[in-house]
Amino acid sequence: MTTGLSLDANATEPLRPEARAAVLAALDLPGNPSSVHAEGRAARRLLEDARGAIAARFGGRAQDVVFTAGGTEANALALHGLSAGRRVLVGATEHPAVLRAAPGATLLPVRADGTIDLAALDAALAAAGPALVCLMAANNETGVLHPIADAAGLCGRYGALLHVDAVQAAGRAPLPAGADSLALSAHKLGGPKGAGALLLRPGLDPTPLIAGGGQERGRRGGTEPLPAIAGFAAAARAATDQAAARLAPIRDAIEAAIAALAPEARFPGQGAPRLPNTSAILLPGVPAETQVIALDLAGVRVSAGAACSSGKVGASHVLAAMGLGGDAACTIRMSLPWNAPEDSVERFVAAWAAMREQVTRRAA
Ligand code: PLP
């Protein structure tokens, strides 16, 4: 058990107690959901309950929910499975789970506030012919929400498909209407790691990435990880948009306090609609890695832009696409978890102020 203050929920949310209980209960179900005998049928019932819960929580029909191993696989399935004969257009600030699943895709620019440039999307669609557009509902580094309804309107006009990476938005903000497919991840909404889903518009049938034994209506082979899926469904039920909205005043108070004590600080994306829990905090001249380490030593855990698998901090392509130049490397991400303590403002601001004092003294 770690102590201190973890404000890195966009990397992964703490496990919700409802999800933990559901995982443990499912571990005791011995059957394979594909078996026809009684144990198999009991496992199948739990699987289909979970499918129904995800559909009810995020919209759509249960039979159009394809369980995957997480958000990365859900995005890869959409990009692999829906792109035949289509030019792929992706936002410049998408997660690597999307960017690396779409080699050769056309990158769509964002505006300085991080939202997609709709005029550029319009022009790209006009030039592309049949297209698959991929945009994130909410950005993992800044929390900025793209105008998905407007993008969906443009895609509809050109007959393009729209895939939305809703991994960060699900459970924190209402999901936008108009997408042809949505990617979700259990651990980003307080469920266990190892489950996710692709939600499809009725009638869409992606080519599978993994054919296997024909599970998930032939869309994703492999025995379903029932404990992770049961935990995913329990977390989805518990993660209400209203509860997440509680975090916005905490985030806003943190930004206001930092702005008051450090006039040089900036908050990329602050002017755009954002997730309630996320703040990108830029301290000019101080590498993000230095800030993250100093805060960690003070017991406060945040991240430098996106956490990448190697644990190394690279320059953020998100902030670079927003035109931040060298300052992109001086920005940390603070993301409040669903159970953020009420005194998060005082504790974070005190640690941040001490960190700034320390790095400024060292530089002098
Ligand atoms: N999409 C976004 C926007 C993310 O932030 C992440 C994870 O950080 C992913 C996709 C990948 O999800 P997962 O960790 O479930 O593979």
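A cavity is a set of grid points where a 1.4 Å probe fits but cannot get out. In this predicted model, the largest cavity holds about 40 Å³ of space. The chain is divided into domain 1 (5-12 + 242-363) and domain 2 (17-238), and the largest nonpolar core draws at least three residues from each of these domains.

**Internal cavity**

- A search of the whole structure finds 1 cavity of 30 Å³ or more.
- The lining of the largest cavity is formed by F67, T68, A69, E216, R220, G222, E224, P225 and I229.
- Sorted by class, this lining comprises 4 nonpolar, 2 polar and 3 charged residues.

**Nonpolar cores**

- In soluble globular proteins, nonpolar side chains tend to be buried together.
- The largest nonpolar core contains 57 residues, and I54, F67, L125, V133 and F232 have the most contacts inside it.
- Both domain 1 (5-12 + 242-363) and domain 2 (17-238) contribute at least three residues to this core.
- Another core, of 30 residues, lies apart from it and includes L5, A265, I281 and I332.

**Surroundings of F67**

- F67 is among the residues with the most contacts inside the largest nonpolar core, and F67 also lines the largest cavity.
- Leaving aside residues up to four places away in sequence, F67 touches L47, A50, R51, I54, G196, A197, E216, R220, I229 and F232.
- Among these contacts of F67 are E216, R220 and I229, which are likewise named in the lining of the largest cavity.
- I54 and F232 are also touched by F67, and both are listed with F67 among the residues with the most contacts inside the largest core.

**Domain interface**

- The C-alpha centres of domain 1 and domain 2 are 27 Å apart.
- Contact between the domains involves 25 residues of domain 1 and 29 residues of domain 2.
- About 2,100 Å² is buried between domain 1 and domain 2, with 59% of it on carbon and sulfur atoms.
- On the domain 1 side, L275, H317 and M322 lose the most area to domain 2, together 26% of what that side buries.

Key. Residues are numbered from 1 along each chain as its sequence is written. This is a predicted model: local features need pLDDT of at least 70, side-chain atom pairs count only at pLDDT 80 or more; totals for chains, interfaces and linings use all residues. Side-chain values use heavy atoms; hydrogens and water are left out. On a 1 Å grid over the protein atoms alone, a cavity is a set of points where a 1.4 Å probe fits but cannot get out, and a pocket is an open set with protein on both sides within 12 Å along at least five of seven lines; lining residues have an atom within 4 Å of a point. Grid points are joined across faces, edges and corners, and a volume is the space filled by probe spheres set on the points. Ala, Val, Leu, Ile, Met, Phe, Trp, Tyr, Cys and Pro count as nonpolar, Asp, Glu, Lys and Arg as charged, and the others, Gly among them, as polar. A nonpolar core is a set of buried Ala, Val, Leu, Ile, Met, Phe, Trp, Tyr and Cys residues joined through side-chain atoms within 4.5 Å. Buried means under 20% relative accessible area, exposed over 50%, partly exposed in between (1.4 Å probe, protein chains only). Domain bounds come from an automatic or database domain assignment. Contact means heavy atoms within 4.5 Å. Buried area is the accessible area (1.4 Å probe) that two parts lose on being put together, summed over both.
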